[in-house]
Every structure is written in structure tokens, then in C-alpha cells.
Amino acid sequence: MSEKLDLSRFEKKIVIRNIEEKDIESIIELQELCFPGMVPWKREHLESHLQYFPEGQFCAELEGEVIGSCSSLLINFDEYDDRHTWQDITDDGYITNHNPDGLNMYGIEVMVHPEYRRMKIGHRLYEARKDLARRLNLKSIIIGGRIPNYHKYASEMTPRQYVEQVIHHQIYDPVLSFQLLNGFTMMRINPNYLPDDKA
């Protein structure tokens, strides 16, 4: 007989708060763990996030350890091309294009430590973003999402067909399925959105 792990005791101790400068090294390490093979943040990126939009940067902390984080900026989305890339929308990750009067929050990353997934940490980070968007009376939250499992199906279907299957719950994709569960609507597919995302 296997004993079921009681996750509720962790959930009560998890704190969602704004990122501080002392968290930067932990977030870089977390990103390397969450996205192996992809180029992680540099310290200057995260310092720039804190300079331009500190209230839009959140982390999840458990007993002093950062186990999740998300970053965002404000923009007027209609000023960007439909086929924008991650580099375009984030000014190469520095968010110097953050517009304090922008009407749209753009989520540029969310990550959760692999050992703490399925504990609703990502959901809580998204809720922190939504709360901030309500307080700032924004028009919308927009996110660019990866489809990391697509490479498993690339020989048999187009990205559009894959996305349709995920939307109809016929295929599970860890990013897109999660975003749909959190109330987001799929708008379009942007090829070459994140060039170092080989999957």
C-alpha cells in the first residue's frame, strides 16, 4: 500500500510575493532547471525587470526557497506586429519598452520547480498577475506560450492541427493546456516566437 503525499501542508506555507533583488540568483538557477537547453536570464535582465516594473514580477517561496516565478510588463499591444517575437515584445528580455500607461499586461515567463509541479503554484502566480491587472484596470493579459510537446507530433500534424487537438483535450501540452485551464483563449500561432526553443 502506498501512502498518499499530503500536499496541503505545503500549500499553506507557499508565499506569493513580488521578486526582490535577493531572489535573482535563485531565479536564474530555477530557469536553468525548468528550461534546460534554453538560454537563461542574465542578472541584468532581472535587475531591469525590477527597475521598470517591480510590481509585475512575482515569485513563489516555500520555506525561504524560490520555487516558482513569473515576469511581465505593460504595453499597448496594438503597437506591435501580429507576428512579433519574444525578443520584440520584451526588448530582448530587458523590458525597457515597459509602458506604465499601457493597457495590456504581457506575461513573458512563468516557471515552477519540477519537484513542486501539480501543486497549483503556476495557477497562484497567474492569479497574482490577474489581481494586479484588475488593480491597474487593464484591458487584458496577453501571453506568448510555447507548445513544448509539439515536436513529438511534428511529423504527423501541423502546429495548427496540434493546437486544435490540445484545445479539444485530445492531446495534453504542459504549457498550452495549463494556459487554457487558467482562462486564456488561443489567438494565433507565431512561428519563430522563441528562436532558442528547439522543441
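**Salt bridges and burial**

Visitor: What is the relative accessible area of Glu 127?
Guide: Glu 127 counts as partly exposed. Buried means under 20% relative accessible area, exposed means over 50%, and partly exposed lies in between (1.4 Å probe, protein chains only). For Glu 127 the value is 26%.

Visitor: What sort of model is this, and which pLDDT do local features need?
Guide: Residues are numbered from 1 along each chain as its sequence is written, and side-chain values use heavy atoms, with hydrogens and water left out. This is a predicted model, in which totals for chains, interfaces and linings use all residues, side-chain atom pairs count only at pLDDT 80 or more, and local features need a pLDDT of at least 70.

Visitor: Which element has the highest confidence?
Guide: pLDDT is the predictor's confidence in each residue, from 0 to 100. The protein averages 88, and 91% of the residues score at least 70. Helices (H or I, at least four residues) and strands (E, at least two) are DSSP runs numbered from the N terminus. Confidence is lowest in α1, at a mean of 61, and highest, at 98, in α3.

Visitor: Which elements do the buried residues of α3 pack against?
Guide: Helix α3 covers residues 43-52, and its buried residues are His 45, Leu 46, Ser 48, His 49 and Leu 50. Contact means heavy atoms within 4.5 Å. The partners of these buried residues are α2 (24-34), β3 and β4 (104-112).

Visitor: How many salt bridges are there?
Guide: A salt bridge is a side-chain nitrogen of Lys or Arg within 4 Å of a carboxyl oxygen of Asp or Glu. By this rule the count is eleven.

Visitor: Which residue forms a salt bridge with Glu 127?
Guide: The partner lies with Glu 127 in helix α5 (residues 121-135), three residues apart, about one turn of the helix. It is buried, at 17% relative accessible area. The closest N and O atoms are 3.4 Å apart, and the partner is Lys 130.

Visitor: How many residues apart are Glu 63 and Lys 13?
Guide: Their side chains meet in a salt bridge, 3.4 Å from N to O. Glu 63 sits in the loop between β2 (58-62) and β3 (65-75), Lys 13 in helix α1 (residues 8-13), and the separation is 50 residues.

Visitor: Which residue forms a salt bridge with Arg 17?
Guide: Arg 17 is buried, at 14% relative accessibility. Its partner is buried too, at 4%. Both belong to a network of salt bridges that includes Glu 20, Lys 22 and Glu 61. The closest N and O atoms are 2.8 Å apart, and the partner is Asp 23.
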